[in-house]
Amino acid sequence: ACEKASAWEVTLALLAEMPDKLLEPDLSIYNACISACGQGTQWTRALQLLSHNLRQQQLGPDVISFNAAISACGLGQEWELSLELLLVMMQSVLYPDIRSFN
């Protein structure tokens, strides 16, 4: 719901509260946060979530993570970063899907 409303602040606040509630965010939570940041044109926050938080939580990004970050960069008019992420994705063990190229 937060993702659809572009309420990136609320999404990140809920993510920050999870440890206080003894909840551990999983990859789908991070992916939703990356997507919400993208919809809110917060591409830098989306990239921070992709790179730092996923590694810190020892969660490897998946195709959905990369697609959300690529989309966030695209919405932020950062097409060069979108292409860079696509290259990183292709160099890893992940294979881009149709959404990766949109």
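**Exercise 1. Thr11 in its helix**

Classify Thr11 as buried or exposed, and find the partner of its side chain.

*Solution.*
Step 1. Thr11 has a relative accessible area of 8%. The cut-off for buried is under 20%. Thr11 is therefore buried. The value comes from a predicted model.
Step 2. Place the residue. Thr11 belongs to helix α1, which covers residues 8-17.
Step 3. Look for a polar partner. The side chain of Thr11 comes to 2.9 Å from the backbone oxygen of Ala7. A polar contact needs N or O atoms within 3.5 Å.

**Exercise 2. The cysteines**

Determine how many disulfides the structure holds, and check Cys33 and Cys73 individually.

*Solution.*
Step 1. Set the criterion: two cysteine sulfur atoms within 2.5 Å. The count is 0 disulfides.
Step 2. Take Cys33. Its nearest cysteine sulfur belongs to Cys37, 6.7 Å away, and Cys33 is in no disulfide.
Step 3. Take Cys73. The closest cysteine sulfur is again in Cys37, at 11 Å, so the pair is too far apart for a bond.
Step 4. Add accessibility. Cys33 is buried at 3% relative accessibility. Cys73 is buried too, with a relative accessible area of 0%.

**Exercise 3. The nonpolar core**

Identify the residues that touch the most other members of the largest nonpolar core, and name the helix that gives the most to this core.

*Solution.*
Step 1. The largest nonpolar core has 24 residues. Within it, Ile34, Leu49, Leu50 and Leu85 touch the most other members.
Step 2. Sort by element. At least two residues come from each of α1, α2 (27-39), α3, α4 and α5.
Step 3. Pick the top contributor. That is α4, with 7 residues.

**Exercise 4. Two pockets**

For the largest and the second largest pocket, give the volume, the lining and its classes.

*Solution.*
Step 1. Start with the largest pocket. Its volume is about 250 Å³.
Step 2. Read its lining: Asn67, Ile70, Ser71, Gly74, Trp79, Ser82, Leu83, Leu86, Arg99, Ser100, Phe101 and Asn102. The elements that give two or more residues to this lining are α4 (63-75) and α5 (79-91).
Step 3. Sort this lining by class. The result is 5 nonpolar, 6 polar and 1 charged residues.
Step 4. Turn to the second largest pocket. It holds about 200 Å³ of space.
Step 5. Its lining is formed by Leu47, Leu50, Ser51, Arg55, Pro61, Phe66, Leu81, Glu84, Leu85 and Val88. Both α3 (43-56) and α5 supply at least two of these residues.
Step 6. Sort again. This lining has 7 nonpolar, 1 polar and 2 charged residues.
Step 7. Cross-check against the core. Leu50 and Leu85 line the second largest pocket. Leu50 and Leu85 are also among the core residues that touch the most other members.

**Exercise 5. Positive phi outside glycine**

Examine the backbone of Leu22 and Gln77, then locate each residue and classify its accessibility.

*Solution.*
Step 1. Leu22 is not a glycine, yet its phi is positive, about 60°. Leu22 sits in the loop between α1 and α2.
Step 2. The cut-off for exposed is over 50%. Leu22 has 79% relative accessibility, so Leu22 counts as exposed.
Step 3. Gln77 also has a positive phi, near 60°, and is a residue other than glycine. Its place is the loop between α4 and α5.
Step 4. The relative accessible area of Gln77 is 65%, so Gln77 is exposed.

Key
Residues are numbered from 1 along each chain as its sequence is written. This is a predicted model: local features need pLDDT of at least 70, side-chain atom pairs count only at pLDDT 80 or more; totals for chains, interfaces and linings use all residues. Side-chain values use heavy atoms; hydrogens and water are left out. On a 1 Å grid over the protein atoms alone, a cavity is a set of points where a 1.4 Å probe fits but cannot get out, and a pocket is an open set with protein on both sides within 12 Å along at least five of seven lines; lining residues have an atom within 4 Å of a point. Grid points are joined across faces, edges and corners, and a volume is the space filled by probe spheres set on the points. Helices (H or I, at least four residues) and strands (E, at least two) are DSSP runs, numbered from the N terminus. Ala, Val, Leu, Ile, Met, Phe, Trp, Tyr, Cys and Pro count as nonpolar, Asp, Glu, Lys and Arg as charged, and the others, Gly among them, as polar. Buried means under 20% relative accessible area, exposed over 50%, partly exposed in between (1.4 Å probe, protein chains only). A polar contact is a pair of N or O atoms within 3.5 Å; within protein, one must be able to donate a hydrogen and the other to accept it, and residues adjacent in sequence count only if both atoms are side-chain atoms. A nonpolar core is a set of buried Ala, Val, Leu, Ile, Met, Phe, Trp, Tyr and Cys residues joined through side-chain atoms within 4.5 Å.
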